Amino acid sequence: MAALLANLAGPLKLPKMRGAAGIAAATAGHAARQHLGGHLQPSRFRGAATAAAAAAIVPDKPEVDFAHHAQRMARLNHGSFGACPLPVLRYQYHQREAWLSEPDTWFFSGRLDEALEKAARSAGKALTSGPPPQDGQICLVDNATFATVAIARRWGKKAQAGDVIVTTSFVYLASLNVLREYCELEGARIEVIQLPFPCKSAAELTQHFEDGLKRLKAQGANIRFALLDHVSSQPAIMLPVKEMVQACRAHGAPDMEVAIDGAHSVGSTNFDVKDFGCDWFFSNLHKWGFAPTVANVVWSATPELMADTRHPIPSWSWGKGLNVESRFTGTMDYSSLLSVPAAMEYLQRWRSEEDESSVDYCHRRVLESSRLLAEAWGTADQLLPEELVATQAMVRLPPELVVTDLPGQPGKGVRQTLRERYCVEAAIGNFGPEIGSWVRLSYAVYNTERDIARLKDAVLEILEMQQIYGV
């Protein structure tokens with residue numbers, strides 16, 4: 001018994017890992033601690049000191065702030081998972097350590113609730129150039145799917161049999177499935193309005209969308225709800241959402257609610273959410289907003305909308321509205337949400353050598369890079385107009401290249417060959433025989449001209465090998 005007590009009182013001993021596995025684990029652990037600043041004292045980041053720590057975030061050169069990336073890889077698919085810079089990861093590390101050091105104090109004193117409310121407030125400032133949203137209009141959830149579920153559950157409860165929910169052919173598949181689960185099963189009807197791709201202009205997209213609404217209205221549809229993309233995923237198109245919302249107001253029901261899925265918006269384009277005229281807007285912050293995985297900001301046009309909407313996970317604050325309910329959904333790691341102020345500070349402060357913001361820099365570089373690729377692949381005549389491009393651009397692959405990859409889905413085609421043989425990660429997808437195969441090119445602050453050259457040359461080499469040896 002004495003020996004047992006001595007073991008419990010002493011330092012915790014973990015089983016040793018033998019051989020190469022043990023060496024690799026130790027090396028990885030040491031490297032991670034070096035990246036995160038070694039042993040950090042959480043007590044320095046408690047209470048008000050957290051705000052000061054966020055304000056102290058200063059971006060360094062991309063090769064420094066993103067040194068934790070796998071150096072062998074050319075990461076040209078930032079749009080899927082984003083990337084968090086080391087200064088923000090260090091901040092997150094402090095937040096997690098502070099919580100682990102005294103979780104009872106954080107929860108029962110209200111510190112966690114207060115910190116998450118402040119974090120949401122910092123994200124709200126990124127949505128508008130005017131006065132920031134009221135606290136009752138803004139909250140943080142895990143990701144865009146969480147936000148979609150919250151809104152779809154609301155719509156499902158309000159929908160009457162036969163009510164129509166409109167979306168477009170650019171809708172994110174996960175979001176469409178959410179509407180099917182929570183709205184279609186309640187009797188609402190989902191109508192997908194087809195948009196052209198490739199597309200010639202924002203005006204063309206608006207016209208196709210409005211024509212679709214007119215057709216539905218002429219058929220007697222009661223258009224109650226709409227889910228629209230701001231910057232769609234596959235294909236990556238920046239849509240004219242202001243004009244599309246206006247079309248919804250003109251042809252939808254008087255009490256119609258419009259939600260904008262801005263999963264790629266914050267950090268990829270300059271906008272003011274109040275200009276859109278929508279009822280709901282949400283955006284991931286871990287994609288182009290430099291936040292750790294995962295964080296999403298939800299905005300409502302009025303506090304009443306937020307107060308009348310439930311969080312997907314009912315917990316202790318059930319019935320108090322989405323903005324309150326989102327601040328505690330059970331015991332979990334809240335450090336990514338708590339790190340949003342640091343991410344927003346990094347986003348605001350980042351500047352290129354030409355003094356561009358990350359939004360403007362990545363927009364310019366993706367346009368330049370897409371032109372370079374398209375010219376090398378003989379598809380420059382199919383580039384989309386600049387007004388439809390944020391920080392991701394659709395580039396047509398050589399028509400002769402055989403591509404079996406489906407857009408945005410795992411597979412064993414060209415995308416896997418690029419990853420495994422050439423260490424290039426790029427979103428390759430075949431949109432069908434009439435549209436052809438494209439790459440959704442992301443350009444992030446850490447990308448380089450060499451990354452683009454590697455993709456260009458790799459695609460041409462794969463094409464050559466296909467032509468020599470067959471597919």
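The exchange below concerns salt bridges and nonpolar cores in a predicted model.

Colleague: What makes arginine 224 and aspartate 255 a salt bridge?

Modeller: The closest N and O atoms of arginine 224 and aspartate 255 are 3.4 Å apart, and the cut-off for a side-chain nitrogen of Arg and a carboxyl oxygen of Asp is within 4 Å, so the pair qualifies. The two residues are 31 apart along the chain, arginine 224 lying in strand 5 and aspartate 255 in the loop between helix 12 and strand 6.

Colleague: Why is arginine 224 called buried?

Modeller: Its relative accessibility is 10%, and buried means under 20%, so the term applies to arginine 224. Aspartate 255, at 44%, counts as partly exposed, because that value falls between the 20% and 50% limits.

Colleague: How do you know that arginine 419 and glutamate 425 form a salt bridge, and which of them is buried?

Modeller: Their closest N and O atoms are 2.6 Å apart, which is within 4 Å, and therefore the pair meets the criterion. Glutamate 425, with a relative accessible area of 15%, is buried, whereas arginine 419, at 32%, is partly exposed. Elsewhere, salt bridges with shared partners join Glu354, Glu356, Arg364, Arg365, Glu368 and Glu449 into one network.

Colleague: Which residues have the most contacts inside the largest nonpolar core?

Modeller: Leu285, Leu418 and Leu455 do, in a core of 108 residues, to which helix 17 (residues 358–377) gives the most, with seven residues. Leucine 455 touches, among others, Leu76, Trp377 and Leu418. A second, separate core has 28 residues, including Val141 and Ile190.

Methods: Residues numbered from 1 in each chain as written. Predicted model: local features only at pLDDT ≥ 70, side-chain atom pairs only at ≥ 80, totals over all residues. Heavy atoms only, no water. Core = buried A, V, L, I, M, F, W, Y, C linked by side-chain atoms within 4.5 Å. Buried < 20%, exposed > 50% of the residue type's maximum accessible area, 1.4 Å probe, protein only. Helix = DSSP H or I, 4+ residues; strand = E, 2+ residues; numbered from the N terminus. Contact = heavy atoms within 4.5 Å. Lists of a residue's contacts leave out its neighbours within four places in sequence.
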